[in-house]
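Welcome to this structure. Here are some notes to read alongside the view, with a few places to pause and look.

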Amino acid sequence: MSDRRIFVDYIARTEGDGAIDIIVGPNGELKKARWEVWEPPRFFEAFLVGRKAEEVPEIVQRICGICPHAHHIAAVRAVERAMGVKVSEQTVLLRELVHYSDWIMSHALHVFCLAAPDFLGYESVIAMAGNSDLLPIVGKALQLKRLGNDMIVVTTGHEIQNRTSVVGGFTAVPEGSELRKLKERLKAAKEFGFETVKLAAKLASQPPYPDLVRKCEHVALHDDKKYAINDGRLVSTEGLNVPDWEYPIWIIEKHVPSCNCKHAIIKDRDSFLVGPLARVNNNFDQLSPDAKAAAREVGFVAPDFNPFMSIVARAIEIVHSIDASMQLINELDDPKFEEPTFEYKAGESYAVTEAARGICCHGGRIDKDGVVQKWDIVAPTARNVYNLEKDFEEFVPKLLHLSDEELTLKCEMMVRNYDPCQSCATHSIKVKIRRER
Amino acid sequence: MAKPKIAVFKFSSCAGCQLSILNIEDHLLDVLGAVDVAYFVMAKRENHEGPYDIGFVEGAVTSPKELLELKKIREECKILVAMGACACTGGLPSIKNFAGTQREMEEKVYTELWDLKSIPAYGIDHYVKVDAYLRGCAVDVGEMVELIKSALLGVNPHFRPHSVCNECKLKENVCLLVNKGKPCMGSVTAAGCGALCPSLNRPCEGCRGPANDANAASLAQTFAVDLGLSRDDVRRKFLKYAGNTPEFKKGAEAV
Ligand code: SF4
Ligand code: SF4
């Protein structure tokens with residue numbers, strides 16, 4: 001018997017350009033399980049050199065249209081740290097609200113438009129909407145996504161690329177009355193948040209998903225006082241606990257042949273997972289009371305090492321994001337305009353935020369005139385690629401009894417669990433799976 | 001009339017412009033009802049081959065492989081739309097064209113270069129004929145809906161070629177350039193965003209590319225002489241979202 005090979009030209013419903021290549025030997029042994037990245041490199045790290053410090057957040061948010069704010073805020077904080085710029089408490093809170101808005105948009109997009117169609121056997125959310133039983137859910141999902149987008153417009157002026165957040169603060173702040181209107185809508189969205197958790201738990205409990213468990217290191221930001229989103233220490237289920245600006249020391253990248261995407265490991269250890277499941281596992285106690293209650297109701301126990309439970313973690317975070325946003329709106333009350341100011345100063349520093357799909361790392365060196373000398377960017381997908389390959393190694397042998405078509409779909413779902421964002425991996429990705437007999 | 005077949009393609013970009021299509025939630029189900037989305041990898045698993053009636057292309061061409069794909073796409077699409085700054089003018093990826101040689105760029109990011117294939121970043125009309133442009137970084141959702149409606153009706157969309165300053169004046173904003181001494185690019189940049197940034201107290205960065213009557217050399221002089229910007233600062237302004245265009249190149253070379 002000859003080898004069996006799985007090859008998918010592209011994986012739909014992810015971004016960017018990559019390929020999964022899996023070869024199974026005649027006796028069912030896995031010969032190759034690689035996620036290869038073909039998306040042409042975009043050279044942000046190269047062309048940022050020579051730009052001005054205040055341009056970095058504006059430019060890097062354009063790495064990814066789905067999580068611009070994660071890149072933006074990580075960069076803004078790294079620049080501020082490097083140049084010793086202090087910002088007000090209001091700015092810190094507003095940045096959190098901006099980022100939670102992005103989580104609501106992105107999680108709704110992922111759960112309903114990218115992941116749910118797989119679990120339910122539809123080729124897309126468009127096809128899902130064709131089923132009259134599911135249409136109301138799709139409608140509510142689009143409303144939730146719209147709410148996230150409207151929050152982004154109110155806080156930053158534009159749905160995709162923020163126009164107001166800059167080094168030192170905000171060029172314009174939202175009206176308190178606008179924020180309170182959003183709060184009413186958030187309150188109304190809670191119910192659907194709970195429904196989403198239940199739906200996600202039901203989908204992930206179908207066979208064979210509950211059997212697909214693989215213990216690996218889960219890494220997330222952690223803040224002692226609140227659920228970490230824009231700031232905190234880097235912690236893990238294996239005991240990592242270091243300041244975020246030390247990420248270049250602890251998380252190491254290596255270039256792999258025939259792939260434009262580098263692989264990441266924890267210093268002296270191995271691959272690791274980042275994203276909602278890693279966050280919920282590391283920070284369960286800091287979720288909002290209702291998010292915790294929703295998690296307990298569906299029997300979620302942290303830590304959970306089943307990557308297919310990512311959809312549940314995402315749904316739990318939808319409830320948490322709604323609560324956290326309402327809390328932030330209370331604290332912000334009527335934001336006052338504060339002129340953003342800063343002075344150029346030579347320095348080097350790094351910062352990490354939690355993109356909807358995991359830790360997003362930025363930092364570099366700036367000279368005394370504010371000109372960038374070096375800039376480092378590592379998007380969450382680049383962190384997860386290597387861990388995903390390990391999922392393939394573990395799970396594909398358990399799924400060999402499936403038809404080619406079904407196995408291919410399961411492989412795609414393994415990829416989509418990570419909500420990969422190949423265009424955002426600065427050294428970026430395309431996905432294909434190939435199968436031969 | 002049969003539903004028009006729509007396709008969405010991505011080159012080097014952040015995917016933000018195609019996300020804008022999914023962001024028209026209020027119209028989404030209507031629009032999806034009026035068109036046949038034949039190819040949209042970010043949204044669908046089943047995608048069909050051309051020909052297509054309207055093709056939206058997002059992103060700049062930055063590799064030989066993308067160039068081949070673009071030529072095929074051009075043949076397959078009746079109407080080809082450049083979607084967003086990257087596809088219209090090269091966008092942010094084009095900064096690398098002015099930052100050093102291709103080899104120097106590669107060496108800054110990668111240690112091993114044997115299998116990297118990338119070329120300078122250009123908008124798609126550098127290589128093929130384009131029928132319509134949706135400018136901006138990211139595109140304006142209102143303009144996108146306008147374009148889709150116009151295409152369905154077979155009429156030209158009503159887009160504004162004048163400068164952002166016109167829209168800014170209509171909004172009765174206090175001018176950031178004249179009154180606050182901030183380096184605003186609004187006077188040389190094409191309108192259509194509703195003077196978004198100046199209305200939020202932020203100078204226009206020129207993301208929509210040159211207006212039809214742009215006098216970039218004059219604005220560059222103003223930046224240098226009246227605002228005291230260095231030569232490098234002026235160059236950075238003009239070589240950001242649309243440095244490939246002859247108009248903005250003039251601004252970059254004026255001081
Ligand atoms: S603020 Fe900018 S866009 Fe507005 S009028 Fe002044 S120069 Fe023009
Ligand atoms: S004001 Fe300028 S930078 Fe802002 S969206 Fe409009 S064209 Fe782009």
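Before the points, a word on angles: helix axes are lines fitted to C-alpha atoms over the stretch in contact, and the angle between two N-to-C directions runs from 0 to 180 degrees. Please also keep in mind that this is a predicted model.

1. Let us begin with a helix pair in chain A. The axes of helix α6 (residues 135-156) of chain A and helix α7 (residues 176-204) of chain A come within 10 Å and cross at roughly 150°. Angles over 145 degrees count as roughly antiparallel. α6(A) and α7(A) are therefore roughly antiparallel to each other. The crossing of α6(A) past α7(A) is left-handed.

2. Which residues make this contact? From α6(A) come Ile137(A), Lys140(A), Ala141(A), Leu144(A), Arg146(A), Leu147(A), Asp150(A), Met151(A) and Val154(A). α7(A) answers with Glu178(A), Leu179(A), Leu182(A), Arg185(A), Leu186(A), Ala189(A), Phe192(A) and Glu195(A). By class, the contact of α6(A) with α7(A) has 11 nonpolar, no polar and 6 charged residues.

3. Further along chain A there is an open sheet of 3 strands, ordered β12-β13-β14, with antiparallel pairing. Its edges are β12 (347-355) and β14 (372-378) of chain A; each has a single partner strand, so one side of each is left without a neighbour in the sheet. From one strand to the next the twist averages 10°. Between β12(A) and strand β13 (residues 358-366) of chain A there are 9 bridges. You can find Ala351(A) opposite His362(A) of β13(A).

4. Chain B offers another sheet to trace. Here 5 strands form an open sheet in the order β2-β1-β3-β4-β5 (chain B), with parallel pairing. Why is one side of β2 and of β5 (132-134) of chain B left without a neighbour in the sheet? Both stand at the edges, each with a single partner strand, so no strand flanks the other side. Neighbouring strands of this sheet are turned by 25° against each other on average, direction ignored.

5. A good place to see the pairing is strand β1 (residues 5-10) of chain B, which pairs in the parallel sense with strand β2 (residues 36-40) of chain B over 4 bridges. β1(B) also pairs in the parallel sense with strand β3 (residues 52-58) of chain B, over 5 bridges. Ile6(B) stands opposite Val37(B) in β2(B) and also opposite Ile54(B) in β3(B). Elsewhere in the sheet, strand β4 (residues 77-83) of chain B is joined to β5(B) by 3 bridges, and Ala82(B) has Tyr133(B) as its bridge partner in β5(B).

6. Helices also meet this sheet. Helix α6 (residues 141-153) of chain B lies across β3, β4 and β5 of chain B and runs at about 155° to β5(B).

7. Now turn to the ligands. The residues around ligand 1 include Cys165(B), Cys168(B), Cys175(B) and Cys184(B). Helix α7 (residues 164-170) of chain B gives the most to this shell, with 4 residues. The shell around ligand 1 divides into 8 nonpolar, 1 polar and 1 charged.

8. Around ligand 2 you will find Arg163(A) together with chain B residues, among them Cys193(B), Cys197(B), Cys204(B) and Cys207(B). Residues from chains A and B surround ligand 2, so the site is shared between chains. Its shell has 5 nonpolar, 2 polar and 3 charged residues. Pro198(B) is listed around ligand 2 and around ligand 1.

Technical notes:
Residues are numbered from 1 along each chain as its sequence is written. Chains are lettered from A and ligands numbered from 1 in the order in which they are written. This is a predicted model: local features need pLDDT of at least 70, side-chain atom pairs count only at pLDDT 80 or more; totals for chains, interfaces and linings use all residues. Side-chain values use heavy atoms; hydrogens and water are left out. A residue is near a molecule or strand if one of its heavy atoms lies within 4 Å of it. Ala, Val, Leu, Ile, Met, Phe, Trp, Tyr, Cys and Pro count as nonpolar, Asp, Glu, Lys and Arg as charged, and the others, Gly among them, as polar. Helices (H or I, at least four residues) and strands (E, at least two) are DSSP runs, numbered from the N terminus. Angles under 35 degrees count as roughly parallel, over 145 as roughly antiparallel, 65 to 115 as roughly perpendicular and the rest as oblique. A crossing is left-handed if the near helix is turned anticlockwise from the far one by less than a right angle, and right-handed if clockwise. Contact means heavy atoms within 4.5 Å. Two strands pair if DSSP finds at least two bridges between them.
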